[in-house]
Amino acid sequence: MAKDYNKGDLDERLAEREWMVQTQLMGRDITNEAVVNSMLIVPRHKYVMEDKQEYAYYDTALEIEAGQTISQPYIVALMAQALELKASDKVLEIGTGSGYSAAILSSMAAYIYTIERHDILAHFAKERFQNEGYGNIEVRVGDGTLGWTEKAPFDAILVTAGGPVIPDSLINQLAIGGRLVIPIGDKGEQKLIRVKKTSTGELKEENLGQVRFVPLIGTKGWSELNNMNLE
Ligand code: SAM
């Protein structure tokens, strides 16, 4: 008989999350306890469309509304770990999407500001945060490549879409000691880059590996026109 995950028993899905953490995260290089705990707690199946819930704990990205994706669990954990969060940190996320990564970050930092360019995604994410009782996440619709000036500076900035260059606006909104994690490359493949702003304001860049993200579209990203298939 097909499983009804909406009515499904939470323990069953917890067992799946435990399996996901064991096989997909700890078997790789995810060692940060706060990240592991958060990945165990947040119900990923509630952040995907109904017909995808069955696959929510598989080692894969999944399609969400507006032709976008919820990232592979391992990549979400890798980025969360790379941010080196402290409980007092103020975080900016660009690319709310389903809301899943913001929910993962919410127990690891003081406050999460997240920006999404698609209304429909921001709407569903807000609904999920309300239903799940997250009181420390604020969602805004807009062009995240410009950051969120009124709330800057941020201790950590996470960009969950791939851009051609690191937006200077985000560098400017990063606090001293802050970390920015962003996929940079072409539309097919990117390098996951971490930039740290040192105590002297100097920028230190590291390459954390190859990734594949949907495009970062905006003033300091790819243009929407170039992203259209004109054939
Ligand atoms: N963090 C998301 C999650 O957990 O589901 C992953 C979302 S998906 C990989 C990337 C998102 O970035 C898409 O929802 C896309 O619409 C959004 N995006 C792309 N360019 C953007 C921009 N300039 N500002 C805000 N959101 C943007």
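This briefing walks through the ligand site and the two largest pockets of a predicted model. The ligand takes up the space of the largest pocket, and 27 residues surround the ligand. A second pocket, with its own set of lining residues, is described at the end.

**Who surrounds the ligand**

- Among the 27 residues around the ligand, the closest are Ser98, Ser101, Glu116, Gly144 and Ile217.
- If you sort this shell by class, you will find 13 polar residues, 10 nonpolar ones and four charged ones.

**Polar contacts to the ligand**

- Gly144 offers a polar backbone atom that lies 2.8 Å from a nitrogen atom of the ligand.
- Gly95 also takes part through its backbone, with a polar atom 2.9 Å from a ligand nitrogen.
- Asp143 uses its side chain instead: a polar atom there is 3.1 Å from a nitrogen atom of the ligand.
- On its own, the ligand has 600 Å² of accessible area, and the protein covers 99% of that.
- Turning to secondary structure, two or more shell residues come from each of the strands β2 (69-70), β3 (90-94) and β4 (111-116), and from the helix α4 (100-106).

**The largest pocket**

- This is the pocket whose space the ligand takes, and it holds about 590 Å³.
- Its lining is made up of 40 residues; nearest the centre are Thr69, Thr160, Ala161, Phe213 and Val214.
- Elements giving two or more residues to this lining are the strands β2, β3 and β4, together with the helices α3 (73-82), α4 and α7 (224-227).
- Of these elements, α3 supplies the largest share of the lining, with three residues.
- By class, the lining of the largest pocket has 17 polar, 16 nonpolar and seven charged residues.

**The second largest pocket**

- The second largest pocket contains about 190 Å³ of space.
- Starting from the lower residue numbers, its lining includes Lys46, Val48, Met49, Glu50, Gln53 and Glu65.
- Further along the sequence, Phe124, Glu127, Arg128, Asn131 and Glu132 also line this pocket.
- Six residues of this lining are charged, three are nonpolar and two are polar.

**Where to look first**

- For a quick start, find the ligand and then Gly144, which is one of the closest residues and has a polar backbone atom 2.8 Å from a ligand nitrogen.
- From there, look for Thr69 and Phe213, which are among the residues nearest the centre of the largest pocket.

Conventions. Residues numbered from 1 in each chain as written. Predicted model: local features only at pLDDT ≥ 70, side-chain atom pairs only at ≥ 80, totals over all residues. Heavy atoms only, no water. Near = heavy atom within 4 Å. Polar contact = N/O pair within 3.5 Å; in protein donor to acceptor, adjacent residues only side chain to side chain. Areas by Shrake-Rupley, 256 points an atom, 1.4 Å probe, with all protein chains shown as cover. 1 Å grid on protein atoms, 1.4 Å probe; cavity = no way out; pocket = protein on both sides within 12 Å on 5 of 7 lines; lining within 4 Å. Sits in = over half its atoms within 2 Å of the grid points. Helix = DSSP H or I, 4+ residues; strand = E, 2+ residues; numbered from the N terminus. Nonpolar A, V, L, I, M, F, W, Y, C, P; charged D, E, K, R; others polar. Points joined across faces, edges and corners; volume = space filled by probe spheres on them.
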